[in-house]
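Welcome! Here are some short exercises, each followed by a worked solution to go through at your own pace.

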Amino acid sequence: MKLDAAVVTLLIAVHHAIAYIHGGAHTDLAIVMSVFQNAFIYFVILLVPLAGAVLTWMSRPRIGLWAVIIGMAGALIFGVTHHYMLVSPDHIAHLPAATPYVHDTFIWTAGAMAMVEGACAMLAAYFLGRRYRDATAAWPTGD
C-alpha cells in the first residue's frame, strides 16, 4: 500500500533531518566516533532505512519494511546505548564543554531521534504484520 510507503518515508526523512542536526552538535562538541561507530551510523542507521523506504515504493515492500525495522531498531539501540547508558562524551549527562545551546541541541536531538526511531520501527512492523495478515487471509483454512 502506498500509504505505508508514504508514512515510512516521511518518518525516515524526519529522522534523517534530526540526525543531521545531531551530527552538527557532535561536530560542535568535538565528539569523535570510532571507525566502527561511523560505519554503523552510515550503513545501518542512514543507508538501510533509506533503502528500505525506496523498496517500499517498488515491488519489494516486505523487504523494504524489514529493512526499515532493522535499521530503525538498530538506530534506537545504538542511540539509547550511547546517549543514555554508556558513560562517554556521547552521553547526554557527560558532554564536553560547550555553549548551552549546543548542549540543548545535542540533548533534544538525541531524544527526538529515539522517539522517531521507535515510532518508525513499530509502524513498519505494524504495516508488515498487516501485509502478512492480508496475504494469508486469502488462503483457505482447511476447515
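**Exercise 1: A bend in a helix**

Find the kink in helix 2 and the proline that follows.

*Solution.* Helix 2 bends by about 35 degrees at Leu47, shortly before Pro49. The bend is the angle between axes fitted to the seven residues ending at a residue and the seven starting there. Helices are DSSP runs of H or I with at least four residues, numbered from the N terminus.

A word on the model: it is predicted, so local features need pLDDT of at least 70 and side-chain atom pairs pLDDT 80 or more, while totals for chains, interfaces and linings use all residues. Residues are numbered from 1 along each chain as its sequence is written, and side-chain values use heavy atoms, leaving out hydrogens and water.

**Exercise 2: A salt bridge**

Which residue forms a salt bridge with Asp4, and is Asp4 buried or exposed?

*Solution.* Step one: a salt bridge needs a side-chain nitrogen of Lys or Arg within 4 Å of a carboxyl oxygen of Asp or Glu. Arg130 pairs with Asp4, their closest N and O atoms lying 2.5 Å apart. Step two: Arg130 belongs to helix 4 and Asp4 to helix 1, so the pair ties together parts 126 residues apart in sequence. Step three: Asp4 has a relative accessible area of 2% and is buried (under 20%; exposed is over 50%, partly exposed in between, with a 1.4 Å probe and protein chains only). Arg130, at 15%, also counts as buried.

Conventions. Helices (H or I, at least four residues) and strands (E, at least two) are DSSP runs, numbered from the N terminus.
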